[in-house]
Amino acid sequence: MLKRILKYLYCEISGAVSVVYYSSLAFRFRRVIPPVIKNQLFLLKGILILLFQFQYESYILSGKTKGSELKALYIGLKPGLSYVTHLVYNGEYRIKEDGKIYIWKIRKKIETLQTSVDLVIVETNSLYAHMTKKLGLLLIPQWIAFFMKTPDSLAELVKGCKKGLKNDIRKIHKYNFSYEISKEPEKLELFYHRMYVPYISKRHSELAHLHDFQSLRSLLKTGAIAFVKQNDDYIAGSLLAIRGQTLYAVCTGIKDGDISYLKKSVSSAVNYFIIKWAIEHKYKIVNFRFTRAFMNDGVFRFKRGWGMTLDNNKYMKTFFGLKACNFNEGVQNFLENNPFISYNNCRIEGFVFVKTSSPVGEGEIRYIHKHFWTDGLSRLNILSCSGFSDGLKDIIASEYPGINLVNKDFLFGGTDV
């Protein structure tokens, strides 16, 4: 544990030093401050940043999910609270502040309250992920990335895509979409203020997380903007960062946040033209960056539909730890609504709950595999409130090797059937 803490401190303080030095201090001050003082100031700043991560807020949440009451304990930072309440409840809910709590007191907090709540959700990071897992919580990445190996040609891309995506590609030609790659700083103003900020703000409202303009301007120095055009009108775009032979689609926007363009498949047009440009310039991988790790999330489904692969990489530094304290109707409704991705011993796994009155058979397994299996998963765990039909495990072993049947104890520590 000590080794893990020291490694984490080193990485975090180094990052804080870089950010403060290059972002917070004017160049003329950086030239005159002696190196020894610089190091001391940055070390102090880094330690203060870390100290804030040792203390979280705790809240008792209560409300209904699909008509059934669900009471939850949430431990974490305030920005994560909005997302969690949006995820758990589909109607009115109540929030009761339960005080601040230090990381090392989380275990006692959970043990004290787990008999009075249905669900525990703890925000955690890579340093405390191991401790969180030992408490019986499943680790759900707050964000997970998708990537695609660049095909040899657009014909290969179209040939391998699903029916829905082929329809999207037909719309690209129907609406006379074209594209333009720009590295002009002036075009960043158009992209940021007319596309990116309006689109993200409108689509995600209070949950919106926006990159600042200066960070995108820095990326543009070695990157580019891929614009989608209809005739001569710029209607959408994506800022691309370039690292070696990999393109990163950092952020995307639509003109004036007008979501009516989505019906014309403009999001697919953005991806299509990025891939086209990657093929022409011999980039090997296109990384389409982050989405929430819940498989019913619209962006997750969209990227999965493109045949993208989940990226098991170093970016997974923050997690939600999830633990069910009982198996009542509210918890079952939550699990049914929110199939998720979990991180287990450096592997990416999926979890799907089936709420049914009869044992799950091969037909349900076939449906689940078709709709939820995603490239990059090591396995897809399936839990049924009514169990599984006899002989299903033998069928799965031969027909669906990535499927893993689990019982409700899985929610308390990962037990297979």
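Two strands count as paired here if DSSP finds at least two bridges between them. With that in hand, let's tour this predicted model in four close-ups.

**View 1. Leucine 73 faces a partner in β4.** Leucine 73 sits opposite valine 120, a residue of β4. Strands β2 (residues 68–76) and β4 (residues 119–125) run parallel to each other, and four bridges join the pair.

**View 2. Six strands make an open sheet.** Reading across the sheet, the order is β3-β1-β2-β4-β13-β5, and the pairing is mixed. The edges belong to β3 (93–102) and β5 (138–141); each has a single partner strand, so one side of each is left without a neighbour in the sheet. From one strand to the next, the twist averages 25 degrees.

**View 3. Two helices pack on the sheet.** Helix α4 (residues 78–88) touches β1 (55–65), β2, β3, β4 and β13 (318–324), and its direction makes about 15 degrees with that of β1. Helix α13 (residues 329–337) also packs on the sheet, in contact with β1, β2, β4 and β13. The direction of α13 makes about 70 degrees with that of β2.

**View 4. A cavity has a nonpolar lining.** How many cavities of 30 Å³ or more does the structure hold? There is one, and the largest cavity encloses about 50 Å³ of space. Its lining consists of Val84, Leu87, Ile121, Ile140, Phe294, Phe320, Leu322 and Phe334. Sorted by type, the lining residues of the largest cavity come out as eight nonpolar, no polar and no charged. Both α4 and β13 contribute to this lining, with at least two residues each.

Technical notes. Residues are numbered from 1 along each chain as its sequence is written. This is a predicted model: local features need pLDDT of at least 70, side-chain atom pairs count only at pLDDT 80 or more; totals for chains, interfaces and linings use all residues. Side-chain values use heavy atoms; hydrogens and water are left out. Axes are lines fitted to C-alpha atoms, for helices over the stretch in contact, and angles run from 0 to 180 degrees between N-to-C directions. Contact means heavy atoms within 4.5 Å. On a 1 Å grid over the protein atoms alone, a cavity is a set of points where a 1.4 Å probe fits but cannot get out, and a pocket is an open set with protein on both sides within 12 Å along at least five of seven lines; lining residues have an atom within 4 Å of a point. Grid points are joined across faces, edges and corners, and a volume is the space filled by probe spheres set on the points. Ala, Val, Leu, Ile, Met, Phe, Trp, Tyr, Cys and Pro count as nonpolar, Asp, Glu, Lys and Arg as charged, and the others, Gly among them, as polar.
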